[in-house]
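Visitor: Could you take me closely through one part of this model, the surroundings of a buried loop asparagine and the residues it meets? Please set out the criteria behind each term as you go.

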Amino acid sequence: MKKFLSVFLSLTIFIAGAPKVAAPALTFSEAAEMDLRTPSDLTADELRNGLKKYLVDLAEDFVAAEERYGVNAVFLAALAAFESGWGRHCFRENNIFGWGRKSFETKSECIDFVASKIAQHYLSEDGKYYHGMNLYGVNRSYNGSDVWLENVAAIMSKISEKAAVCAPVPDFAEPEEPPVSEEFFGSEEIIETDEFYETGEPAEADELSETDGTEEESRFTGGVIVIGSH
């Protein structure tokens with residue numbers, strides 16, 4: 001019995017102290033078809049690595065909204081990125097989602113509010129705009145455009161890819177490197193380079209327009225106002 005407890009405690013300590021394995025990046029198809037209530041399994045620091053511009057400092061708010069309302073944080077971040085050009089352009093003050101005609105005291109308040117509305121109206125089976133749990137379902141009433149779906153899915157994929165690459169991975173011992181012959185350093189020039197690439201950002205509207213509509217029925221996205229549900 002003592003031996004069993006010893007093994008059990010050792011295993012528990014090992015599991016608790018094990019480094020976190022990075023969550024796999026989403027493909028475009030996975031992003032478009034996934035249940036948007038699925039947890040991202042990302043910490044705020046990990047999600048931050050996938051964000052750009054004015055959304056970087058809002059990673060904690062996206063993760064907090066996911067925990068509070070059950071809406072995937074990568075989806076929320078991608079939606080805000082597409083609607084506001086990564087937080088640079090707001091239809092109303094701090095309204096990074098272009099949600100209705102509302103203004104917010106802070107962008108954090110906006111994230112919390114919109115996440116609650118998406119959970120209530122789009123991702124609940126009794127919601128008035130519910131057509132399914134994935135992007136295809138949300139898109140039917142949120143926007144209705146293939147451009148919206150394709151851009152949001154692509155941004156979700158890119159955010160998750162960068163977050164997964166930068167997430168902590170198990171720290172396995174590296175094998176010892178074989179000794180290098182001094183002849184290698186004769187007259188050879190060693191050049192160190194850092195290679196990186198940057199993908200294009202989704203198109204942004206140069207001019208933002210207004211239209212009459214209620215808070216729940218008016219949606220601004222990508223320079224297009226969509227009224228009501230489909």
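**The loop after helix H4 and its surroundings**

Guide: The protein holds 8 helices and 2 strands, where helices (H or I, at least four residues) and strands (E, at least two) are DSSP runs numbered from the N terminus. This is a predicted model, in which local features need pLDDT of at least 70 and side-chain atom pairs count only at pLDDT 80 or more, while totals for chains, interfaces and linings use all residues. Residues are numbered from 1 along each chain as its sequence is written, and side-chain values use heavy atoms, with hydrogens and water left out. From the N terminus on, the order of elements is α-α-α-α-α-α-α-α-β-β.

The part to look at is centred on Asn72, which lies in the loop between H4 and H5. With a relative accessible area of 3%, Asn72 is buried; buried means under 20% relative accessible area, exposed over 50%, and partly exposed in between, with a 1.4 Å probe and protein chains only. The side chain of Asn72 reaches the backbone nitrogen of Phe75 at 3.0 Å. If neighbours within four places in sequence are set aside, Asn72 is in contact with Met34, Leu36, Thr38, Pro39, Ser40 and Glu66, a contact being heavy atoms within 4.5 Å.

The last of these partners, Glu66, sits in helix H4, residues 59-69. Glu66 counts as buried because its relative accessibility is 11%. Not counting residues up to four places away in sequence, Glu66 touches Thr38, Pro39, Ser40, Asp41, Val71, Asn72 and Ala73. Thr38, Pro39 and Ser40 are thus partners both of Asn72 and of Glu66.

Asp41, also touched by Glu66, belongs to the loop between helix H2 (28-33) and helix H3 (44-48). Asp41 is exposed, since its relative accessible area is 52%. Its backbone deserves a check as well, for Asp41 has a positive phi of about 60 degrees although it is not a glycine. Most residues other than glycine have a negative phi.

Following the chain into helix H3 brings us to a salt bridge, in which the side chains of Arg48 and Asp45 meet at 2.5 Å, N to O; the term requires a side-chain nitrogen of Lys or Arg within 4 Å of a carboxyl oxygen of Asp or Glu. Arg48 and Asp45 both lie in helix H3, 3 residues apart, about one turn of the helix. Arg48 is partly exposed, with a relative accessible area of 23%, whereas Asp45 is exposed at 52%. Asp45 and Arg48 are further linked with Glu60 in a network of salt bridges.

Helix H4 also takes part in a pairing with helix H6: Asp112 forms a salt bridge with Arg68, the closest N and O atoms being 2.6 Å apart. This pair links distant parts of the chain, Asp112 being in helix H6 and Arg68 in helix H4, 44 residues apart. Asp112 is partly exposed, given its relative accessible area of 25%. A search of the whole structure finds 5 salt bridges.

As a wider setting for this part, 40% of the 230 residues of the protein count as buried. Among contacts between residues at least 6 apart in sequence, 63% join residues at least 24 apart.

Terms used. A polar contact is a pair of N or O atoms within 3.5 Å; within protein, one must be able to donate a hydrogen and the other to accept it, and residues adjacent in sequence count only if both atoms are side-chain atoms.
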